[in-house]
Amino acid sequence: MEPIPTLRWVDGSLRLLDQRLLPDEERYVDCSRVEELVRAIKTLTVRGAPAIGIAAAYGAVIAAMTADDDGSFPDRVSADLDALESTRPTAVNLFICIRRQREILQRAEGKDEAVELLLEQANRFLEEDLESSRAMGRFGADLLEPDSVLLTHCNAGGLATAGLGTALAVIYEASDRGWVSQVYVDETRPLLQGARLTAWELCRAGVPVRVLPDSAAPSLLRSGTVDAVLVGADRVAVNGDVANKIGTYTLALAAMKAEVPFYVVAPLSSFDPETQDGGGIEIEHRGREELELLGDRKVLPDRAEVYNPAFDVTPSDMVTALITERGILK
Ligand code: MRU
């Protein structure tokens with residue numbers, strides 16, 4: 001299975017598959033300025049925890065390439081890294097990748113060496129991501145059985161990473177083994193990452209997909225149709241609490257009640273050794289327009305306020321197992 005070209009370094013710029021336009025259009029945008037990449041991350045042109053981290057690592061290369069080669073060089077690059085870090089607060093991959101690039105920047109002697117070393121590291125992140133997705137796929141598929149009916153939420157696929165994804169890497173591996181009879185995909189309100197992105201990816205790979213409104217998932221689980229739930233993570237705290245796309249907690253509650261295994265698939269780059277539990281994870285809140293508009297149509301009265309958290313936290317005792325590239329944590 002070949003990975004989707006979600007992000008690639010091409011001729012000195014970062015080429016992103018514009019995820020806002022899928023599934024209608026496969027269009028690429030090139031970022032050669034840090035401001036362009038900052039906007040791309042904020043607007044979800046590129047999204048998903050591992051992909052955001054790797055994109056920001058390439059952002060550090062762009063910052064070094066575009067900064068003047070004089071005494072202001074380290075400060076200019078560092079200010080660009082601050083801007084990249086301030087794009088989205090929840091996915092820890094962003095902060096881990098930027099921290100690594102800051103260390104490299106401090107060590108480098110001069111602009112040329114900085115560009116070279118930062119690019120090497122960004123390429124390494126990309127390659128490691130592909131490798132770890134294959135490993136997570138194998139470990140996760142070993143937990144499943146032939147004829148599995150699976151349920152997933154948001155997009156934890158190749159579009160969210162530089163590889164095959166996390167939860168979807170497991171589904172791809174299980175599908176290669178001939179074990180997947182159906183994948184239910186939550187549409188994932190309000191930005192529809194499930195309906196637009198996961199359904200697109202799975203259809204492209206020939207996996208049978210059925211999309212459902214998020215609100216239908218609890219009764220589907222209760223019906224006994226689903227054998228396992230597989231989701232990704234934006235951040236895993238030290239105690240195993242998991243932040244992921246809003247609606248994940250609802251699924252975990254319903255899965256627990258229905259006694260359906262609830263698996264979180266996440267590379268170690270999504271584990272945060274500095275956050276003890278889910279209470280310490282900053283949850284991003286997004287703008288009114290995401291709820292106010294349905295396509296071009298306005299569906300909210302002007303005087304109604306909105307509550308639009310992009311993520312929620314699922315306590316570790318509701319997670320059957322965490323599937324990583326090094327093995328399974330129960
Ligand atoms: O707001 P998004 O689309 O960036 O949210 C993405 C998710 O919540 C994914 O489930 C998560 O990043 C895991 S991706 C492998």
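**Figure 1. What lines the largest pocket in this predicted model?** Sorted by class, the lining has eight charged, six nonpolar and four polar residues. The pocket itself has a volume of about 470 Å³. It takes 18 residues to line this pocket, and those nearest its centre are Arg-20, Pro-190, Leu-191, Arg-196 and Glu-290. Looking for helices and strands here? H7, helix H10 (289-292) and strand E11 (293-294) are the elements that give two or more residues to this lining. Both domains pitch in too: domain 1 (7-134) and domain 2 (143-329) each supply at least three lining residues.

**Figure 2. Here is the second largest pocket, with about 310 Å³ of space**. Of the 16 residues around this pocket, Ile-96, Cys-97, Phe-125, Glu-128 and Ser-269 are the closest to its centre. H2, H4 and H5 each bring at least two residues to the lining, and H4 gives the most, with six. By class, you'll find six nonpolar, six charged and four polar residues. Where does this pocket lie relative to domain 1 and domain 2? Both domains give residues to the lining, so the pocket lies between them.

**Figure 3. Zoom out a little to see how the two domains meet.** The domain assignment splits the chain into domain 1 (7-134) and domain 2 (143-329). Their centres, taken over C-alpha atoms, are separated by 25 Å. On the domain 1 side, 31 residues take part in the contact, and on the domain 2 side, 32 residues do.

**Figure 4. Now for the largest cavity, with a volume of about 200 Å³**. A search of the whole structure turns up two cavities of 30 Å³ or more. The largest cavity is lined by 21 residues, and Arg-47, Gly-48, Ala-49, Asn-155 and Asp-234 come closest to its centre. Two elements, H2 and strand E9 (242-245), give two or more residues to its lining. H2 gives the most, with three residues. Nine of the lining residues are nonpolar, eight are polar and four are charged. As for domains, at least three lining residues come from each of domain 1 and domain 2.

**Figure 5. The second largest cavity holds about 60 Å³ of space**. Among the residues around this cavity are Arg-189, Gln-193, Lys-245, Arg-286 and Asn-308. The lining also includes Pro-190, Leu-191 and Glu-290, and you can spot these three near the centre of the largest pocket as well, where they are listed among the residues nearest that centre. By class, this cavity lining divides into five nonpolar, four charged and two polar residues.

**Figure 6. This view takes you into the largest nonpolar core, a group of 41 residues**. In soluble globular proteins, nonpolar side chains tend to be buried together. The core members that touch the most other members are Leu-7, Leu-14, Leu-16, Leu-37, Val-77, Leu-84 and Leu-118. Several elements each supply at least two residues, including strand E2 (13-17), helix H1 (34-42) and helix H5 (111-141). The largest share, 12 residues, comes from H2. To get a feel for the packing, pick out Leu-16: beyond its sequence neighbours up to four places away, its contacts include Leu-7, Tyr-28, Val-29, Leu-37 and Val-46. There's also a second, separate core of 25 residues, with Val-226, Val-242, Ala-252 and Val-260 among its members.

**Figure 7. Val-260 sits in the loop between helix H9 (248-258) and E10**. Is this loop residue buried or exposed? Val-260 counts as buried because its relative accessibility is 8%, under the 20% cut-off. Setting aside neighbours within four places in sequence, Val-260 is in contact with Leu-221, Val-226, Asp-227, Ala-228, Val-229 and Ala-255. Val-260 and Ser-219 are 41 residues apart in sequence and, C-alpha to C-alpha, 12 Å apart in space.

**Figure 8. Thr-314 belongs to strand E13 (residues 311-314)**. With a relative accessibility of 1%, Thr-314 counts as buried. Its contacts, leaving out neighbours within four places in sequence, are Asp-241, Val-242, Thr-248, Tyr-249, Ala-252, Phe-262 and Val-319.

**Figure 9. Helix H6 (residues 167-176) is mostly covered**. Seven of its 10 residues are buried, namely Ala-167, Leu-168, Ala-169, Val-170, Ile-171, Tyr-172 and Ala-174. What covers them? The cover includes H5, strand E4 (148-152), strand E5 (180-186), helix H7 (193-204), strand E7 (228-231) and strand E10 (262-265). Just after H6, look for Gly-178, which takes a positive phi of about 80 degrees.

Note on methods:
Residues numbered from 1 in each chain as written. Predicted model: local features only at pLDDT ≥ 70, side-chain atom pairs only at ≥ 80, totals over all residues. Heavy atoms only, no water. Core = buried A, V, L, I, M, F, W, Y, C linked by side-chain atoms within 4.5 Å. Buried < 20%, exposed > 50% of the residue type's maximum accessible area, 1.4 Å probe, protein only. Helix = DSSP H or I, 4+ residues; strand = E, 2+ residues; numbered from the N terminus. Contact = heavy atoms within 4.5 Å. 1 Å grid on protein atoms, 1.4 Å probe; cavity = no way out; pocket = protein on both sides within 12 Å on 5 of 7 lines; lining within 4 Å. Points joined across faces, edges and corners; volume = space filled by probe spheres on them. Nonpolar A, V, L, I, M, F, W, Y, C, P; charged D, E, K, R; others polar. Domains from an automatic or database assignment.
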